[in-house]
Amino acid sequence: MRRIWGFCIASLVGLVAVAPAAQSAPNSAPWHLDRINQRSGPIDSNADLGALTGAGINIYIVDSGVLPTHEQFGGRVVAGTDPVSSTGESVIDPRASDCDGHGTHVAGLAAGTTVGVARGATVIAVRVLNCDGDGTVDNVVAALRWIRSHHVSGKAAIVNLSLGVDRNDDGAAIDAQVTEMLAEGIVVTIAAGNGNQNGVPYNACDISPGHVPGALTVAASTFADTAASYSNGGPCIDLFAPGGDSSARILSAWNTGNSDYSNDVGTSMASPLVAGYAALLAQQQPSLCAAQISDAIVQRATPNALGGVIATTPNRLLFVDTSPIPATVPGLASNIITTVSSGSVLASWELPCDGGSTLTKTTVSLYRGSTLLQRRTLTPGTTTARFTRLQNGVQYRVRVQHHNAIGDGASTTRWKTVTVRALRSGETIPVRSIGRFAGDLTMKWKVASSSRGVCKVLSNPTSIRFLRAGTCRVAIRTNAGGTPAIHNLRVN
Ligand SMILES: [Ca+2]
Ligand SMILES: [Ca+2]
């Protein structure tokens with residue numbers, strides 16, 4: 001069985017999803033917010049998290065959807081992708097809304113106006129769990145791929161996954177997508193899971209995607225400042241955040257009405273609090289790399305604040321500290337595409353995170369084997385370079401590196417190898433042979449009107465037919481739209 005479950009207690013113990021009795025709005029700040037702005041307990045009736053709100057930052061809530069009209073969101077919910085409805089498993093309208101409740105609760109904790117951390121962030125509802133609160137690996141993978149194509153390169157974004165699957169249940173496919181998201185500048189927060197049901201600590205390293213090292217894997221703490229008895233533990237935990245227990249649950253938005261609330265318990269509730277904090281940091285410094293934000297969150301957590309933490313689990317509790325994060329070198333360019341024409345290669349890429357310090361230049365290098373043939377220095381912001389006078393039939397390699405005042409970003413892991421050749425009139429080629437994104441993301445291709453006489457795009461399978469000699473202009477864009485990459489193909 002390749003089933004995904006959400007990490008609130010109700011779903012873990014296999015209860016039929018019954019909407020908890022709706023509560024009314026909180027009169028004062030809930031304890032989960034009060035606790036995370038102070039180093040030690042008990043809570044002090046002050047839940048001030050500072051001036052940052054996460055405004056302008058996208059938090060993707062990968063869950064059962066989100067009730068977009070709930071009063072906690074003030075119109076800040078955007079419908080993302082909804083593979084559960086698309087595949088007909090349980091269709092709801094509006095798209096990516098919530099017929100379970102789990103996702104609305106989780107989103108409220110990340111970004112609710114009074115129950116959440118990032119009270120001005122944009123929530124993008126990504127629905128992978130059905131009305132019973134479970135889902136499939138395939139739908140999660142499809143959703144994460146969509147997020148990667150929707151995410152704007154070079155700008156920090158947050159993904160929360162309050163769900164998981166046993167690693168040996170095809171978890172590798174989800175892990176791979178999480179690893180790509182991290183490389184593309186997305187902070188990923190993941191619930192550790194609630195497997196510790198019988199007093200035997202369950203190791204979060206056995207859960208996908210919670211064991212992926214670069215992600216922030218969040219265990220649950222209680223009102224009494226202990227590790228929650230149900231929470232998974234072990235060395236794959238990055239930090240704890242309030243997840244509550246039966247004596248003090250976590251209040252957040254519920255899907256049954258625009259002013260309905262419910263109390264819930266689980267690592268599902270802890271993880272989005274960390275996601276909200278990440279959004280505050282991203283708002284302050286939007287071009288930070290994901291690892292800078294994640295590392296700061298771990299380093300700023302309060303050490304040894306909790307009782308009952310087993311020796312292999314890091315004892316760190318979420319602490320919201322919004323001081324600026326020091327700059328580092330830029331990250332890696334993503335989605336590097338190399339497109340050949342006769343005697344030339346066009347390289348294009350998406351800008352990386354700048355590490356918190358403005359890019360000063362880009363260098364693009366062309367190699368034949370290990371021999372450097374050309375190195376170009378480009379003004380910052382440039383995203384294409386064409387190399388000409390190359391030999392057809394020869395394999396070349398391109399690499400891209402970015403620089404800022406701190407130093408030189410990494411480049412060596414993102415080589416692109418391409419064999420230069422002529423494109424001939426009468427030939428039909430698959431569009432992916434002129435370049436595709438790493439990880440094979442869904443993209444849109446369009447031939448410019450000026451080159452309709454030279455070539456046209458054929459659909460299913462997608463290919464390009466060259467009608468005669470000339471220049472064919474092809475625009476590529478991802479699902480999300482944005483600025484298309486223009487590729488000029490010279491047809492002989
Ligand atoms: Ca407080
Ligand atoms: Ca980690």
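Good morning. I shall begin with helix 6, which covers residues 171–183 and has 13 residues. From its first C-alpha to its last it reaches 19 Å, close to the 18 Å expected at 1.5 Å a residue. I should say at once that this is a predicted model.

Which residues of helix 6 are buried? They are Gly 171, Ile 174, Asp 175, Gln 177, Val 178, Met 181 and Leu 182. Viewed down the axis of helix 6, these buried residues fall within an arc of 165°, so they line one face of the helix. The general background is that an α-helix has 3.6 residues a turn, so residues three or four places apart point the same way. Just after helix 6 comes Gly 185, with a positive phi of about 95°.

I turn next to strand 2, residues 58–63, where Ile 61 is placed. Strand 2 is mostly covered, with 5 of its 6 residues buried. Ile 61 itself counts as buried because its relative accessibility is 0%. Which strands are joined to strand 2? Strand 4, residues 122–127, runs parallel to strand 2 and is joined to it by 6 bridges. Strand 6, residues 157–161, also runs parallel to strand 2, and here 4 bridges make the connection. On the strand 4 side, Tyr 60 stands opposite Ile 124; on the strand 6 side, Val 62 stands opposite Leu 161. Ile 61 and Ile 158 are 97 residues apart along the chain, yet their C-alpha atoms are separated by 8.6 Å.

A second arrangement of strands deserves a place beside this one. Here 3 strands form an open sheet in the order 16-17-20, and the pairing is antiparallel. Its edge strands are strand 16 (334–341) and strand 20 (384–387), each of which pairs on one side only. From one strand to the next, the twist averages 15°. Strand 17, residues 344–350, is joined to strand 20 by 4 bridges, and Leu 346 has Arg 386 in strand 20 as its bridge partner. As general background, strands of a sheet pair through backbone hydrogen bonds, either parallel or antiparallel.

Now to the metal sites, starting with the calcium ion that is ligand 1. Which atoms coordinate the calcium ion (ligand 1)? They are Asp 34 (O), Asp 34 (OD), Asn 37 (OD1), Gln 38 (OE1), Asp 44 (OD) and Asn 46 (O), at 2.2 to 2.4 Å. In sequence, the donor residues are spaced D-x2-N-Q-x5-D-x1-N. The 6 donor atoms subtend angles of 67 to 160° around the calcium ion (ligand 1), which makes the arrangement irregular. As for the surroundings of these donors, Gln 38 counts as buried at 8% relative accessibility, whereas Asp 44, at 43%, counts as partly exposed.

The calcium ion that is ligand 2 has as its protein donors Pro 213 (O), Ala 215 (O), Asp 238 (OD) and Asp 238 (OD), lying 2.3 to 2.7 Å from it. The spacing of its donor residues in sequence is P-x1-A-x22-D. Distant parts of the chain are linked here: Pro 213 lies in the loop between strand 9 (207–208) and strand 10 (216–221), and Asp 238 in the loop between strand 10 and strand 11 (239–242), 25 residues apart. Is Pro 213 buried or exposed? It is exposed, with a relative accessible area of 73%. Asp 238, by contrast, counts as buried at 14% relative accessibility.

Thank you for your attention.

Note on methods:
Residues are numbered from 1 along each chain as its sequence is written. Chains are lettered from A and ligands numbered from 1 in the order in which they are written. This is a predicted model: local features need pLDDT of at least 70, side-chain atom pairs count only at pLDDT 80 or more; totals for chains, interfaces and linings use all residues. Side-chain values use heavy atoms; hydrogens and water are left out. Two strands pair if DSSP finds at least two bridges between them. Helices (H or I, at least four residues) and strands (E, at least two) are DSSP runs, numbered from the N terminus. Axes are lines fitted to C-alpha atoms, for helices over the stretch in contact, and angles run from 0 to 180 degrees between N-to-C directions. Donors are N, O and S atoms within 2.8 Å of the metal (3.2 Å for Na, K and Ca); water is not among the atoms, so sites may look incomplete. Four donors count as tetrahedral if all angles lie between 85 and 135 degrees; four count as square planar and six as octahedral if opposite donors are over 155 degrees apart and all others between 65 and 115; anything else is irregular. Buried means under 20% relative accessible area, exposed over 50%, partly exposed in between (1.4 Å probe, protein chains only). The expected span of a helix is 1.5 Å times one less than its number of residues. The arc is that of the directions from the helix axis to the C-beta atoms.
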